[in-house]
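Here are some notes on the model, set out point by point, for you to read beside the structure.

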Amino acid sequence: FYSKSPAKAAVMMQKVYHILGTTYRATMYQYVYALFGMMTDCQYDICKRDFALDIIEGWAKAKDSPFFEGDNVTVADISWFSLWMGNNWVQDDSKFSKLPWRHKDVIDKYPASKRVLEAVEKIPEVRE
């Protein structure tokens with residue numbers, strides 16, 4: 001999950017912190033607050049969300065591999081998949097279709113980062 005190279009591990013940890021910090025806040029808040037009637041689509045939040053997702057897409061495009069850092073899964077890949085799963089507890093259209101934003105509705109705009117999600121999902125231990 002971690003590279004033995006300090007430089008490679010640092011790059012991977014930058015991804016982890018971006019995913020679990022900035023991207024978590026920028027995506028989760030898009031529907032959690034809306035469920036409680038506390039927030040509408042603020043232009044700043046939309047830009048922050050899209051910017052955070054664009055960064056992740058860029059990482060996934062940078063390598064011709066199933067994962068962010070190559071052929072082996074890392075903590076960054078697992079973190080991205082964890083956020084994806086967390087964001088998708090509102091995927092039931094019969095209950096949540098009126099939310100202003102859902103990750104499942106926009107993932108096709110990010111094909112490279114979707115590829116990472118699909119690769120993580122194929123890991124037997126993740127499927128359990």
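**Notes on helix α3 and the core**

1. At 1.5 Å a residue, the 13 residues of helix α3 (residues 75-87) should span 18 Å, and this agrees with the end C-alpha atoms, which are 18 Å apart. Please bear in mind throughout that this is a predicted model.

2. Along α3, the buried residues are Val75, Ala76, Asp77, Ser79, Trp80, Phe81, Leu83, Trp84 and Asn87. As background, an α-helix has 3.6 residues a turn, so residues three or four places apart point the same way.

3. The largest nonpolar core has 30 residues, and those with the most contacts inside it are Ile19, Phe68 and Trp80. Two or more residues each come from α1 (6-35), α2 (43-62), α3 and α6 (111-121), and α3 gives the most, with six residues.

4. Ile19, leaving aside its neighbours within four places in sequence, is in contact with Tyr24, Ile56, Trp59, Phe68, Ala76, Ser79, Trp80 and Leu83.

5. The structure holds two aromatic pairs. One of them joins Trp59 and Phe68 edge-to-face, at 6.0 Å centre to centre and with 85° between the planes; both of these residues are buried. The other brings together Trp89 and Phe96, whose ring centres are 5.8 Å apart and whose planes lie at 75°, so this pair too is edge-to-face. Here Trp89 is partly exposed, with a relative accessible area of 47%, whereas Phe96 is buried, at 16%.

6. Trp59 also has a charged partner, for the charged end of Lys15 sits over the ring of Trp59, 5.2 Å from its centre.

Notes:
Residues are numbered from 1 along each chain as its sequence is written. This is a predicted model: local features need pLDDT of at least 70, side-chain atom pairs count only at pLDDT 80 or more; totals for chains, interfaces and linings use all residues. Side-chain values use heavy atoms; hydrogens and water are left out. Helices (H or I, at least four residues) and strands (E, at least two) are DSSP runs, numbered from the N terminus. The expected span of a helix is 1.5 Å times one less than its number of residues. Buried means under 20% relative accessible area, exposed over 50%, partly exposed in between (1.4 Å probe, protein chains only). A nonpolar core is a set of buried Ala, Val, Leu, Ile, Met, Phe, Trp, Tyr and Cys residues joined through side-chain atoms within 4.5 Å. Contact means heavy atoms within 4.5 Å. Rings of Phe, Tyr and Trp (its six-membered ring) pair if their centres lie within 6.5 Å; planes under 30 degrees apart count as stacked, over 60 as edge-to-face and the rest as tilted. A charge sits over a ring if NZ of Lys or CZ of Arg is within 6 Å of the ring centre and within 35 degrees of the ring normal.
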